[in-house]
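This report works through one structure, beginning with its nonpolar core and moving on to the contact between chains, the domains and some single elements. The sequence and the structure are shown below for reference.

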Protein chains: 2
Amino acid sequence: MMTADNANRIVSVLEKTLTDLARDLREVNPWGEDVCRRLIAFSRGGKMLRGRLVVESYLLSGGDPGPGGEGEAARAAAALELIHAAFLIHDDIMDQDSSRRGAPALFAQYQQLGREQGLHAPGHFGHSMGICAGDVALFLAFRILSSLKTAADIHQRLLSLFTRETSRVAVAQMQDVYHGARPDMVAEEEIFSLYLHKTARYTFSLPLMAGSVLAGRPAEVTAALEKIGETLGIIFQIKDDELGLFGSEARIGKPAGSDVREGKKTLYHYILWQRADAGQKKMLSGVLGKQELAASELAAVRRLVDKLGVRKEVADRVESLAGETRKRIRSAASLPAPFRAMLLEFLDYNLGRGK
Amino acid sequence: MMTADNANRIVSVLEKTLTDLARDLREVNPWGEDVCRRLIAFSRGGKMLRGRLVVESYLLSGGDPGPGGEGEAARAAAALELIHAAFLIHDDIMDQDSSRRGAPALFAQYQQLGREQGLHAPGHFGHSMGICAGDVALFLAFRILSSLKTAADIHQRLLSLFTRETSRVAVAQMQDVYHGARPDMVAEEEIFSLYLHKTARYTFSLPLMAGSVLAGRPAEVTAALEKIGETLGIIFQIKDDELGLFGSEARIGKPAGSDVREGKKTLYHYILWQRADAGQKKMLSGVLGKQELAASELAAVRRLVDKLGVRKEVADRVESLAGETRKRIRSAASLPAPFRAMLLEFLDYNLGRGK
């Protein structure tokens, strides 16, 4: 359950689906196949967390495994991973992060191609191709979702779930861009709103609900999963911020300190800002949002986070959210016991994860 | 038929739909409503060509007009116009066109907002918000398509048509970006491939087929419309290139000569290049793809197009495509006579249009 095998299985379904789609796109020009090939390589580097949650939720909700073992859930999972790839491809352009999942970001791959072929303005060419590649991934995801073989009413529920939630994520992403560009600190509730809408509902509520809908479970079950996903996901994001601040590039697959460099308004930065004195605030102002961040500057931020007890404060918040999540899971009587056990297990994994 | 009234009607359905969606997005943060408001203003400036073709095709295919007059075709039309808005929003970032439909491009609107609010790097902020806004428009379009009230088999056919065709357009857009960045001229068949996949199938085949599918017409009718849309659309694109080269900003709603500035590989530029002598090629090389194009340089290109008989050559090609299109329309026995009449009328409008 939630093993690396499941991730490999989703990558292989995604690979097969993209290979079929590439055949159709070949009629247009060679770029469709080129994008599909890059998307397959991109997927191999991912954790497939969202996709695995779709499949797990489907099977633990009593969905028919069918001959492949996951019924249509594996294809819905592949579609969600493709939507996620699209978001990451576009995010990397916005965040100017040139590596992702331990490899060059997609736009950076096209910049490289542009330089090799002597194209005009290869930097801009890469950004343009990255925007297109993200768009292609989105359309292909909806193409897969549209072609799922399931009862009409279930299909309708699933499509409305996916389109509603993903449109909300894109709107949350705008807020994230805005926060990054604002010179001042934002309010704590704005940070939590972003955690909820950009990460939690999308990474947990959506896949858990999708699996349950595909298995034909009624709306009250889906609603319980929605709430569980929200707190589970907020914890996940806070852990992600922790890794972004303290993890090394080798460990997290993207440059260390990228949240600091982008001036991301994380819970860490928020509390740090509240506790800093005038001198420390001055240092932080010069460093948060600085594109050419020196290793020594990142180290200074890290030291201050420890020194001012920010780590402890964040850990306490996480502990309290974890308690709330456990309560939500245990009281979800409509979920089968093995489903609840998986969710509790995942919560614990998440609390301890280092990647 | 194909009147300004129809365009207004589609804008008003789109406006109502976006207003409803904005209410849901308000739960996330204020940007969803902000994007919806900008998308409504953006739509008001558009011709709604694709949307009108969906509605016309639906009604002329015998679709039930329902209480509103266009059944669900108006909402499918609104969704297609929203997809088109998304493409234009992303295109303007790629093409660095800061005005569109007589107003600032969406990314330029956000750059302005960034400057007014004193945000970090307002130029980059505008690009990032533009990428997000296009993504939001895409998700909202699929949200509308997913919610159409129609028979399950028709819904399935419609969704697979939309997702297949739009994924192909996005792949064609990559080729367009690549052509723009290539320092050399491309082959004639590559230009026509782009005309077919980026414009013709998307602007004509897709909406004509969508209306027909929604009206429940069988596959052979849809196939006839697909072929008619292809040549009709290639003519449309060539006329668009003509306007891009010879039209004024006031007339076309975007900067004059933008295709020259971007070094777009149009049929005009292709034939011009074939006919130019060494000295003229040298002048053209310095001007095609030049971002800071002077009015005198644009005028020199225009003079050369006339002098070398390129206009006449293009007009001959268009005449031959028009003959082929008329033949396709007249021999489409499965289409009702009024539908064929509308297509012929539209062909003539297109041949003479100045906007």
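In this predicted model, the largest nonpolar core holds 220 residues, and the members that touch the most other members are Leu82(A), Ala137(A), Ala141(A), Leu82(B), Ala137(B), Ala141(B) and Ala210(B). One of these, Ala141(A), is in contact with Ala79(A), Leu82(A), Ile83(A) and Ala86(A) once its neighbours within four places in sequence are left aside. As general background, nonpolar side chains in soluble globular proteins tend to be buried together.

**Contact between the chains**

The contact between the two chains draws 49 residues from chain B and 49 residues from chain A. On the side of chain B that touches chain A, two or more residues are given by each of helix H2 (30–44), helix H4 (73–95), helix H6 (122–146), helix H7 (152–181) and helix H8 (188–214) of chain B. The largest share of that side comes from H7(B), with 16 residues. By class, the residues of the side of chain B that touches chain A are 25 nonpolar, 19 polar and five charged.

How are the two copies related? A turn of 180° with a shift of 0.0 Å along the axis lays chain B on chain A with an RMSD of 0.0 Å, and this is the relation of a two-fold axis. Within chain B, the C-alpha nearest the axis belongs to Ala152(B), at 3.0 Å from it. Because 100% of the interface residues of chain B are also interface residues in chain A, the copies meet through the same surface.

**Two helices in figures**

The table sets out one helix from each chain, with the end-to-end span given from the first C-alpha to the last.

| Helix | Residues | Span | Expected span at 1.5 Å a residue | Buried residues |
|---|---|---|---|---|
| H7(A) | 30 residues | 44 Å | 44 Å | 23 of 30 residues |
| H6(B) | 25 residues | 35 Å | 36 Å | 22 of 25 residues |

The span of H7(A) is close to the expected value, and H7(A) is mostly covered. The span of H6(B) is likewise close to what is expected, and H6(B) is also mostly covered.

**Domains of chain A**

The domain assignment divides chain A into domain 1 (1–148) and domain 2 (150–355), and the C-alpha centres of these two domains of chain A lie 22 Å apart. Their contact takes 29 residues from domain 1 of chain A and 28 residues from domain 2 of chain A. On the side of domain 1 of chain A that touches domain 2 of chain A, at least two residues are supplied by each of helix H3 (49–60), helix H4 (73–95) and strand E1 (99–100) of chain A. H3(A) provides the largest share of that side, nine residues. The same side of domain 1 of chain A has 15 nonpolar, seven polar and seven charged residues.

**A residue of chain B**

Val260(B) is found in helix H11 (residues 258–261) of chain B. Is Val260(B) buried or exposed? Val260(B) counts as buried because 23 C-beta neighbours lie inside 10 Å, where the cut-off for a buried residue is 20 or more. Not counting residues up to four places away in sequence, Val260(B) touches Val287(B), Leu288(B), Leu293(B), Leu298(B) and Val301(B). Arg9(B), which is 251 residues from Val260(B) along the chain, has its C-alpha atom separated from that of Val260(B) by 35 Å.

Note on methods
Residues are numbered from 1 along each chain as its sequence is written. Chains are lettered from A and ligands numbered from 1 in the order in which they are written. This is a predicted model: local features need pLDDT of at least 70, side-chain atom pairs count only at pLDDT 80 or more; totals for chains, interfaces and linings use all residues. Two residues are in contact if their C-beta atoms, placed from the backbone, lie within 7 Å. Helices (H or I, at least four residues) and strands (E, at least two) are DSSP runs, numbered from the N terminus. Ala, Val, Leu, Ile, Met, Phe, Trp, Tyr, Cys and Pro count as nonpolar, Asp, Glu, Lys and Arg as charged, and the others, Gly among them, as polar. Copies are superposed by least squares on the C-alpha atoms of residues with pLDDT of at least 70 in both. A nonpolar core is a set of buried Ala, Val, Leu, Ile, Met, Phe, Trp, Tyr and Cys residues joined through C-beta atoms within 7 Å. A residue is buried if 20 or more other C-beta atoms lie within 10 Å of its own, exposed if 12 or fewer, and partly exposed in between; C-beta atoms are placed from the backbone. Domain bounds come from an automatic or database domain assignment. The expected span of a helix is 1.5 Å times one less than its number of residues.
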